[in-house]
Amino acid sequence: MAIKEIQAKVLLAHVRQPDTWFGLRYNMNLYRGCQHRCIYCDSRSECYQIEHFDRQVLVKANAIELLQKELARKRVVGTIGLGSMKDPYMPLEAQVNLAGRALQVIARFGFPVHVITKSDLVLKDLDALCEINQVYAAVSFTVTAADDDLAKKVEPGAPLVSARLRAMRVLAEHGLHTGLTMMPVLLFIEDNEENIRQIVEQAHAHGAAYIMPSFGVTLRDRQRAYYYDGLDELFPGLRQKYERAYGERYHCPVPDAERLSSLFHELCRQYGIATHMTPYQPGAAKQLSLF
Ligand code: SF4
């Protein structure tokens with residue numbers, strides 16, 4: 001995959017609508033493109049205008065300088081999100097350390113942070129995250145399949161699920177608010193009781209405070225085309241089943257969503273895992289991990 005440096009004009013984007021999932025006020029992308037190559041990734045959709053998503057990663061070479069300037073001007077402290085649209089801990093981050101340097105800047109300015117990733121590489125920034133956690137730091141790991149081999153098929157460039165879970169355990173042991181985003185759950189591939197049960201059990205064993213689920217996937221334009229090509233290669237015959245089940249629909253819930261959701265909520269209740277995360281609350285006492 002080609003790597004190119006670019007100069008960005010702006011780094012922090014305001015989140016306009018209240019973010020009921022992660023409580024984000026600002027969003028930050030350090031890269032364009034993603035080396036994890038998940039076959040279902042929505043960032044390939046035409047509306048985001050990311051050309052060559054699977055062929056190149058653009059590195060915002062001036063990101064740290066911009067972040068310092070922009071945070072110095074912010075009057076309202078609010079959670080900064082890292083990780084929508086591309087994973088800040090893709091393999092390239094091990095050399096470039098953009099996320100690591102950005103977290104150090106954020107720690108100096110005292111802003112809260114939420115990171116979403118599929119990588120245990122986040123552990124390289126444990127010190128900065130712990131410092132930010134004096135205000136608030138949360139890390140969500142995306143896990144859609146409990147089985148390493150299955151996850152490697154649908155998320156070929158991402159670290160093993162078992163490595164993500166071990167990283168979550170370390171963060172939990174250090175008092176960070178950490179859990180899973182279990183989304184998307186893919187029809188005919190991941191929408192079975194055994195997968196959901198194993199994810200919840202593994203999450204519990206590795207200190208998850210929460211699991212946020214989505215029983216289905218969204219599909220549109222070139223993202224759908226890429227996903228269907230992936231199905232043809234990895235799961236012959238499934239494309240036709242998807243086409244029959246969903247046609248041109250964007251929201252594609254799994255037919256068994258209600259039953260799986262009931263099972264999921266019951267398992268989370270048994271294990272004491274929340275089904276949503278606790279976002280940063282200005283002035284509120286910080287939540288401590290019970291793990
Ligand atoms: S890690 Fe996230 S951004 Fe990267 S390819 Fe996978 S779904 Fe897309």
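The following exercises, each with a worked solution, concern a predicted model.

**Exercise 1. The seven-stranded sheet**

Task: State in what order the seven strands of the open sheet are arranged, and identify the edge strands.

Solution.
Step 1. The order of the seven strands is S2-S3-S6-S7-S8-S9-S10, and their pairing is mixed.
Step 2. The edge strands are S2 (12-14) and S10, each of which pairs on one side only.
Step 3. On average, neighbouring strands of this sheet are turned by 25 degrees against each other, with direction ignored.

**Exercise 2. Strand S6 and its partners**

Task: Determine how S6 pairs with S3 and S7, and which way the residues of S6 point.

Solution.
Step 1. Strand S6 comprises residues 79-82. Four bridges connect it with strand S3 (residues 24-28) in the parallel sense. Within this pairing, Tyr26 is found opposite Ile80.
Step 2. S6 is also joined to strand S7 (residues 113-117) by three bridges, and these two strands run parallel. Here Ile80 stands opposite Val113, while the bridge partner of Leu82 is Val115.
Step 3. In a regular strand, side chains alternate between the two faces of the sheet. In S6, Thr79 and Gly81 point one way, and Ile80 and Leu82 point the other way. All four of these residues are buried.
Step 4. Helix H3 (residues 98-109) lies across S3, S6 and S7, and runs at about 180 degrees to S6.

**Exercise 3. The three-stranded sheet**

Task: Explain why one side of S1 and one side of S4 are left without a neighbour in the sheet.

Solution.
Step 1. The three strands of this open sheet follow the order S1-S5-S4, with mixed pairing.
Step 2. S1 (2-6) and S4 (31-32) stand at the edges and have a single partner strand each, so one side of each is left without a neighbour in the sheet.
Step 3. S4 and strand S5 (residues 56-60) run antiparallel and are joined by two bridges. Arg32 is placed opposite Leu58 in S5.

**Exercise 4. Two pairs of helices**

Task: Classify the arrangement of H7 with H10, and that of H8 with H9.

Solution.
Step 1. Two packed helices are described by the angle between their axes and the distance between the axes.
Step 2. For helix H7 (residues 193-205) and helix H10 (residues 257-271), the axes come within 10 Å and cross at roughly 20 degrees. Angles under 35 degrees count as roughly parallel. H7 and H10 are therefore roughly parallel to each other.
Step 3. The crossing of H7 past H10 is right-handed. Residues making the contact include Ile196, Val200 and His204 of H7, and Leu260, Leu263 and Leu267 of H10.
Step 4. For helix H8 (residues 221-234) and helix H9 (residues 238-246), the axes come within 8 Å and cross at roughly 140 degrees. H8 and H9 are therefore oblique to each other. Among the residues in contact are Tyr227, Tyr228 and Leu231 of H8, together with Leu238 and Tyr242 of H9.
Step 5. H7 also lies across S9 and S10, running at about 170 degrees to S9.

**Exercise 5. Three individual residues**

Task: For Thr178, His206 and His36, decide whether each is buried or exposed, and describe its surroundings.

Solution.
Step 1. The cut-off required is that a residue is buried under 20% relative accessible area.
Step 2. Thr178 belongs to strand S9 (residues 177-182). Its relative accessible area is 1%, so Thr178 is buried. A polar atom of the Thr178 side chain lies 2.8 Å from the backbone oxygen of Val139. Residues touched by Thr178 include Val139, Phe141, Met168 and Tyr210.
Step 3. His206 is located in the loop between H7 and strand S10 (210-213). The relative accessibility of His206 is 9%, and it therefore counts as buried. A polar atom of the His206 side chain is 2.8 Å from the backbone oxygen of Gln202.
Step 4. His36 is found in the loop between S4 and S5. With a relative accessible area of 1%, His36 is buried. The residues in contact with His36 include Asp87, Tyr89, Lys118, Ser119 and Glu155.
Step 5. His36 and Ser119 are 83 residues apart in sequence, and 9.3 Å apart in space from C-alpha to C-alpha. His206 and Phe22 are 184 residues apart in sequence, and 21 Å apart in space from C-alpha to C-alpha.

Methods:
Residues numbered from 1 in each chain as written. Predicted model: local features only at pLDDT ≥ 70, side-chain atom pairs only at ≥ 80, totals over all residues. Heavy atoms only, no water. Buried < 20%, exposed > 50% of the residue type's maximum accessible area, 1.4 Å probe, protein only. Polar contact = N/O pair within 3.5 Å; in protein donor to acceptor, adjacent residues only side chain to side chain. Contact = heavy atoms within 4.5 Å. Pairing = 2+ DSSP bridges. Axes fitted to C-alpha atoms, helices over the stretch in contact; angles between N-to-C directions. Parallel < 35°, antiparallel > 145°, perpendicular 65-115°, else oblique. Left-handed = near helix turned anticlockwise from the far one by under 90°. Lists of a residue's contacts leave out its neighbours within four places in sequence.
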